[in-house]
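Please look over the chain shown here before reading the notes that accompany it. They are meant for a reader at the bench who wants to know how the parts fit together.

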Amino acid sequence: MKLSLDENLPNKLKKDFPEDEISTVREQGWSGISNEELVRLMITQGFNALTTFDKNLEHQQNFDRYPISVIVLTAESSRYEHLRPLVHEIKEKLQPPTIGITVIGT
C-alpha cells in the first residue's frame, strides 16, 4: 500500500503505518497545489490512497472518477492525539482500498 498524508496531518501519524509505504504531501514537494493536481500526481507516482483532514474535499472534487481512495478524517482537531484512535479504522478501510471518498471519525 502506498499512502500519502495530506499537509494538514501530523507527520507523527506515519509511524502508525509501518507496513505501508507512506509519505506526506510536504515530503513529496506537493504543498499548496490544487486537490485535482494532487490526485493526478499521486496517481502518476503510484499512490493508492490519500488521508486528509480537509472536510471540504468531498465537495470540491468528484473522486469517484479517479482510481484512488481518499479517507477524510474527522476528530476534535488534527492533532496526533485526536487522530491516533482512528488508525485502526483507517487500516480497515485500506484493506482493500475503496475507490472514492470515505469519512472516518467522530
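The briefing below goes through confidence, the sheet, two residues within its strands, and the aromatic rings.

This is a predicted model, and the mean pLDDT of the chain is 90, with 96% of its residues reaching 70 or more. Its five strands form an open sheet in which the pairing is parallel, and the structure holds one aromatic pair.

**Confidence**

- Among the elements of the chain, helix α4 (residues 80-83) has the highest mean pLDDT, at 96, whereas helix α3 (residues 57-60) has the lowest, at 69.
- Where pLDDT is low, the predicted coordinates should not be read in detail.

**The sheet**

- The strands of the open sheet follow the order β2-β1-β3-β4-β5, and their pairing is parallel.
- Because β2 and β5 stand at the edges and have a single partner strand each, one side of each of these strands is left without a neighbour in the sheet.
- On average, and with direction ignored, neighbouring strands of this sheet are turned by 20° against each other.

**Strand β1 and its partners**

- Strand β1 (residues 2-5) is covered on both faces, with Lys2 and Ser4 buried on one side and Leu3 and Leu5 buried on the other.
- In a regular strand the side chains alternate between the two faces of the sheet.
- Four bridges join β1 to strand β2 (residues 21-24), and the two run parallel; within this pairing, leucine 3 has isoleucine 22 of β2 as its bridge partner.
- Three bridges join β1 to β3, again in a parallel arrangement; here serine 4 stands opposite leucine 50 in β3, while leucine 5 has threonine 51 as its bridge partner in β3.

**Threonine 51 in strand β3**

- Threonine 51 is found in strand β3, and it counts as buried because its relative accessibility is 1%, where the cut-off for a buried residue is under 20%.
- Leaving aside neighbours within four places in sequence, threonine 51 is in contact with Leu3, Ser4, Leu5, Asp6 and Leu9, and also with Ile71, Leu73 and Ile90.

**Isoleucine 104 in strand β5**

- Isoleucine 104 is found in strand β5 (residues 100-105), and at 0% relative accessibility this isoleucine counts as buried.
- Not counting residues up to four places away in sequence, isoleucine 104 touches Ile71, Val72, Leu73, Thr74, Leu86, Glu89, Ile90 and Lys93.
- The C-alpha atom of isoleucine 104 is separated by 13 Å from that of serine 77, a residue 27 residues apart from it along the chain.

**Aromatic rings and the charges over them**

- The structure holds one aromatic pair, formed by tryptophan 30 and phenylalanine 47 in an edge-to-face arrangement, with 5.8 Å centre to centre and 70° between the planes.
- Tryptophan 30 lies in the loop between α1 (25-28) and α2 (35-44), and phenylalanine 47 lies in the loop between α2 and β3 (49-52), so the pair ties together parts that are 17 residues apart in sequence.
- Both partners are buried: tryptophan 30 has a relative accessibility of 8%, and phenylalanine 47 has a relative accessible area of 5%.
- The ring of phenylalanine 47 also has the charged end of lysine 2 sitting over it, 4.7 Å from the ring centre.
- At another ring, that of phenylalanine 17, the charged end of lysine 91 sits over the ring, 5.5 Å from its centre.

Key. Residues numbered from 1 in each chain as written. Predicted model: local features only at pLDDT ≥ 70, side-chain atom pairs only at ≥ 80, totals over all residues. Heavy atoms only, no water. Buried < 20%, exposed > 50% of the residue type's maximum accessible area, 1.4 Å probe, protein only. Contact = heavy atoms within 4.5 Å. Phe/Tyr/Trp six-rings, centres within 6.5 Å; stacked < 30°, edge-to-face > 60°. Lys NZ or Arg CZ within 6 Å of the ring centre and 35° of its normal. Pairing = 2+ DSSP bridges. pLDDT = per-residue confidence, 0-100. Axes fitted to C-alpha atoms, helices over the stretch in contact; angles between N-to-C directions.
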